[in-house]
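Notebook open. I wanted to look up the overall build, the charges and the nonpolar cores of this chain.

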Amino acid sequence: MKLTVLGATGGTGCQIVRQAVDAGHEVTAMVRDATRLPPDLRDRIAIVETHAVDATAATAAIAGRDAVLSAIGTRDLKHPTRVCTETVDILTTAIRAGSHREPRLVLASNSAMAPGPGDDPLTRFFVKPVVLAPLLRHMIEDMRRAEQIVRASGVPWTIVRAGRLTDRQSKGGYRGGVDRNVLGGFQITRADFATAMLDAATNPACTGHVISVGN
């Protein structure tokens with residue numbers, strides 16, 4: 001498949017790029033600073049370097065793609081942010097404006113925003129709404145707005161939600177739920193989350209669904 005990855009220099013995005021090219025996919029990485037990509041990957045992918053995600057850069061990066069995977073997120077949990085919202089707004093607009101078939105947008109999101117079926121009672125009624133919601137409120141609000149834009153955009157989409165991301169070695173697999181949370185899915189390695197993102201991108205049956213994952 002032909003894939004475009006945003007956030008490719010981050011921990012999860014880099015894992016997505018590496019796993020995708022190792023699997024034989026044709027990858028375009030949209031990045032601010034190409035030197036932050038691992039040297040062994042730079043010659044194996046196409047790179048669109050831009051200081052900001054704008055309509056022009058997005059249109060060029062997604063043209064002719066089968067899927068666009070966004071691993072954009074914020075590391076600043078103390079201040080309001082719109083990084084996911086603005087990125088998704090630009091991407092969905094660019095996808096709709098394209099002259100070719102629309103690629104599917106696969107969005108990385110966070111399960112802390114969504115207490116519900118699949119969670120145990122403690123997580124559903126206390127941990128997520130009472131502990132995590134205020135602690136992660138800025139990130140959650142940004143991701144919630146981004147998800148709303150994706151759902152209302154009219155473009156093909158899949159949302160992949162995870163809990164805490166770790167830099168530990170891959171567990172060799174993950175547990176997943178479709179349109180429901182994963183029992184005990186409090187965390188997942190970035191490597192396994194990247195695998196889940198790629199699995200969602202390459203599986204047409206995931207279109208229009210929220211996939212929740214955890215180790």
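Before looking at charges, I fixed the counting: Lys and Arg are positive, Asp and Glu are negative, and His and the chain ends are left out. On that basis I get 26 positive and 21 negative charges, and their mean positions sit 5 Å apart. I keep in mind that this is a predicted model.

Next, the fold. I find seven helices and 10 strands in the chain. The radius of gyration is 16 Å and the globule rule gives 17 Å for 215 residues, so the chain is as compact as a globular protein of that length. I get a C-alpha trace spanning about 45 × 35 × 35 Å along its principal axes.

Then I checked contacts between residues at least 6 apart in sequence: 70% of them join residues at least 24 apart.

Surface and burial: about 10,200 Å² is exposed, with carbon and sulfur atoms supplying 53% of it. Buried residues account for 48% of the 215.

Now the cores. Which residues touch the most other members of the largest nonpolar core? I noted I16, L69, V160, F193, M197 and V213, in a core of 33 residues. Elements giving it two or more residues include β1 (2–6), α1 (11–22), β5 (104–110) and α7 (190–202). The largest share, seven residues, comes from α7.

I followed up on M197. Beyond its neighbours within four places in sequence, M197 contacts I16, L69, S70, V106, L107, A108 and V160. Apart from this core I also found another one, of 28 residues, with A57, A61, L105 and L136 among them.

Notes. Residues are numbered from 1 along each chain as its sequence is written. This is a predicted model: local features need pLDDT of at least 70, side-chain atom pairs count only at pLDDT 80 or more; totals for chains, interfaces and linings use all residues. Side-chain values use heavy atoms; hydrogens and water are left out. Helices (H or I, at least four residues) and strands (E, at least two) are DSSP runs, numbered from the N terminus. The radius of gyration is taken over C-alpha atoms; the globule rule is 2.2 Å times the number of residues to the power 0.38. Buried means under 20% relative accessible area, exposed over 50%, partly exposed in between (1.4 Å probe, protein chains only). Contact means heavy atoms within 4.5 Å. Accessible areas come from the Shrake-Rupley method with a 1.4 Å probe; for residues, only the protein chains shown count as cover. The place of a charge is taken as NZ of Lys, CZ of Arg, CG of Asp or CD of Glu. A nonpolar core is a set of buried Ala, Val, Leu, Ile, Met, Phe, Trp, Tyr and Cys residues joined through side-chain atoms within 4.5 Å.
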